[in-house]
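User: I am new to reading protein models. Could you walk me through this one with short questions and answers?
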Protein chains: 2
Amino acid sequence: MDLVILTLRSSRLYVLLIERGIEPFQGALALPGGFLSHEKEDLVAAAHRELAEEAGLGPDQLHLEQLGFYGAPDRDPRGRVVSAAYLAIAPRLPEPVAGTDASGACWIPVTQALAGDAQLAFDHEQILSDGVDRAREKLERSALATAFCGPTFTIAELQDVYEAVWGMRLDPRNFYRKVQSVEGFIVPAGPTRKTEGGRPARLFRPGPRATLHPPMIRPRGQADKETA
Amino acid sequence: MDLVILTLRSSRLYVLLIERGIEPFQGALALPGGFLSHEKEDLVAAAHRELAEEAGLGPDQLHLEQLGFYGAPDRDPRGRVVSAAYLAIAPRLPEPVAGTDASGACWIPVTQALAGDAQLAFDHEQILSDGVDRAREKLERSALATAFCGPTFTIAELQDVYEAVWGMRLDPRNFYRKVQSVEGFIVPAGPTRKTEGGRPARLFRPGPRATLHPPMIRPRGQADKETA
DNA sequence: ATAACTTCCTGTCACTGTGACAGTAAGCCT
DNA sequence: AGGCTTACTGTCACAGTGACAGGAAGTTAT
């Protein structure tokens, strides 16, 4: 079982990778994962267990969904290993990795992990790519973006999520209009305010609606955020 | 491994089901499937093999994609069985099931299979429901609908696909405008014509474009086709 | 042949939602 | 008080859709 754990750090999309301590691919970076422990363990429960062990993440305030299964006969030199991949979205975390048992766990920018120069073990580059694609698509027509944020957030923070995952800049004014027009996407969280430099921003919570209608539109063929 | 094989028959969406000959769930309807035969067989190859055995469908002119894995500990009374589910879309077929080795294979309307009165084996009702949902979503932003048709088709036939899968009626004039405006979705297939009652219709082939921009819009909260 | 009928295809108009802008409001700092 | 930063509100043109009517091209009936 492999896990694609995504989060946001300083306006960039990061993935949790682990340096392998054993062969094959010793020393290379790989997605966290493992095998099923008990005979009667649920797959989702196993994913949550791995998530707690490797990243110290509890099952609350965390999005977890099936990504796919990867079963090419030659993906593992030891023989046929069919792996179930899960996609997890974690909110912003204060510290990279807290007390875990994994040796070399670290957050790596997705752009860097997929650049090609960082060789990932097995077919993990493909799995990571599929996971990021899934996240990009789900931002369009679901409220998944709120999973990247804490319990409350500002609209600017939410926009930051979209820009980091999609890798492009968005117009703040149109973004405000859009997220406010979709009823039930985000709801005001009291008159509370948080500040950081300029005028205080209103806080919001995730709303009851899970699907966005009409969907968020991802501009096509636009310049990458990195080049801006 | 389980297969959700969908097709269109007389403007309705059908799924291929098989009456189980052995316990557990003997006599109940189930999705076709099987276990991996050779140690080094690819998963997709295994799906194609099952597809040929159970439904007589070759790998050409057939859409096949991963659907998900189902691993609840109690899904099979014999113990933990993790199953990989595939979604297959087959074009209109002249006869239900040709010379296959499966005993009681038959096409069943999806509405009937999901009605609840037809108890499916294991968690196959859930898998089928997920497969139909996947197909519904992919019709919105991909050219998957052409997989339900033969090598050439009319626009009315394509609309039939959308109406059957979505379970709702669409306006033919707006549908014409929409599919023609998306460049590369469908391309004219010669000046050929086919007829059936009224004015002959132009024939089209699937175009090079796999994704639809802007996407096909599924009307929300509309009356079901069956009630019209 | 002509009319009726079927199905295929083309237009038109109002409205929703977006892209692309400028401008105001509300806090901090000097 | 002025300047700076960030948060928020409006306005206009345009693309795309929903909801209609009407013409085009065949078959069948009279």
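User: Which residue does A:Asp171 meet in a salt bridge?

Analyst: This is a predicted model. Side chains of opposite charge can pair when their charged atoms come close. The side chain of A:Asp171 does so at 3.1 Å, N to O. Its partner is A:Arg173.

User: Is A:Arg173 buried or exposed?

Analyst: Exposed means a relative accessible area over 50%, counting protein chains only. A:Arg173 has 65%, whereas A:Asp171 has 29% and is partly exposed. Because its value is over the cut-off, A:Arg173 is exposed.

User: What is the distance between the closest N and O atoms of B:Arg173 and B:Asp171?

Analyst: These two residues of chain B form a salt bridge. B:Arg173 is exposed at 64% relative accessibility. B:Asp171 is partly exposed at 30%. The closest N and O atoms are apart by 3.2 Å.

User: How many residues apart in sequence are the parts that A:Arg218 and A:Glu140 tie together?

Analyst: The side chains of A:Arg218 and A:Glu140 meet in a salt bridge at 2.6 Å, N to O. A:Arg218 lies in the segment after E8 of chain A, and A:Glu140 lies in helix H3 (residues 124-141), so the pair joins separate parts of the chain. In sequence, these parts are apart by 78 residues.

User: Is A:Glu140 buried or exposed?

Analyst: Buried means under 20% relative accessible area. A:Arg218 has 24%, so A:Arg218 counts as partly exposed. A:Glu140 has 11%. That value is under the cut-off, so A:Glu140 is buried.

User: How many salt bridges does a search of the whole structure find?

Analyst: The pairs above are part of a wider search. That search covers all chains. The number of salt bridges found is 14.

User: Which base atom of DNA strand C is 2.7 Å from the side chain of A:Arg173?

Analyst: A:Arg173 is one of the residues that come nearest to DNA strand C. An N or O atom in the side chain of A:Arg173 makes this approach. The atom on DNA strand C is a base nitrogen.

User: Which kind of base atom of DNA strand C is 3.0 Å from the side chain of B:Arg199?

Analyst: Residues of both chains reach the bases here. For A:Arg199, an N or O atom of the side chain is 3.1 Å from a base nitrogen of DNA strand C. For B:Arg199, the side-chain N or O atom is 3.0 Å from a base oxygen.

User: How many charged residues does the surface near DNA strand C have?

Analyst: There are 19 residues around DNA strand C. By class, 6 are nonpolar and 3 are polar. The number of charged residues is 10.

User: Which residue has a polar side-chain atom 3.0 Å from a base nitrogen of DNA strand D?

Analyst: Contacts with DNA strand D are of several kinds. A:Pro200 uses a backbone N or O atom, 3.5 Å from a sugar or linking oxygen. B:Arg199 has a side-chain N or O atom 3.0 Å from a base nitrogen. The residue asked for, with a polar side-chain atom at 3.0 Å from a base nitrogen, is B:Asn174.

User: Which element gives the largest share of the surface near DNA strand D?

Analyst: In all, 21 residues surround DNA strand D. Among the closest are A:Arg199 and B:Lys178. The largest share is 4 residues, and it comes from H5(B).

User: Where does A:Ser11 lie?

Analyst: Most residues other than glycine have a negative phi. Phi of A:Ser11 is near 65°, a positive value. A:Ser11 is also partly exposed, at 28% relative accessibility. Its place in chain A is the loop between strand E1 (2-9) and strand E2 (12-19).

User: What is the phi of A:Phe25?

Analyst: A:Phe25 lies in the loop between E2 and strand E3 (29-30) of chain A. A:Phe25 is partly exposed, with a relative accessible area of 33%. A:Phe25 is not a glycine, yet its phi is positive. The value is about 60°.

User: Which residue comes before A:Pro214 in a cis peptide bond?

Analyst: Most peptide bonds are trans. A:Pro214 is in the segment after E8 of chain A. The bond that leads to A:Pro214 is cis, with omega near -5°. The residue before it is A:His213.

How values were computed. Residues are numbered from 1 along each chain as its sequence is written. Chains are lettered from A and ligands numbered from 1 in the order in which they are written. This is a predicted model: local features need pLDDT of at least 70, side-chain atom pairs count only at pLDDT 80 or more; totals for chains, interfaces and linings use all residues. Side-chain values use heavy atoms; hydrogens and water are left out. A residue is near a molecule or strand if one of its heavy atoms lies within 4 Å of it. A polar contact is a pair of N or O atoms within 3.5 Å; within protein, one must be able to donate a hydrogen and the other to accept it, and residues adjacent in sequence count only if both atoms are side-chain atoms. Helices (H or I, at least four residues) and strands (E, at least two) are DSSP runs, numbered from the N terminus. Ala, Val, Leu, Ile, Met, Phe, Trp, Tyr, Cys and Pro count as nonpolar, Asp, Glu, Lys and Arg as charged, and the others, Gly among them, as polar. Buried means under 20% relative accessible area, exposed over 50%, partly exposed in between (1.4 Å probe, protein chains only). A salt bridge is a side-chain nitrogen of Lys or Arg within 4 Å of a carboxyl oxygen of Asp or Glu.
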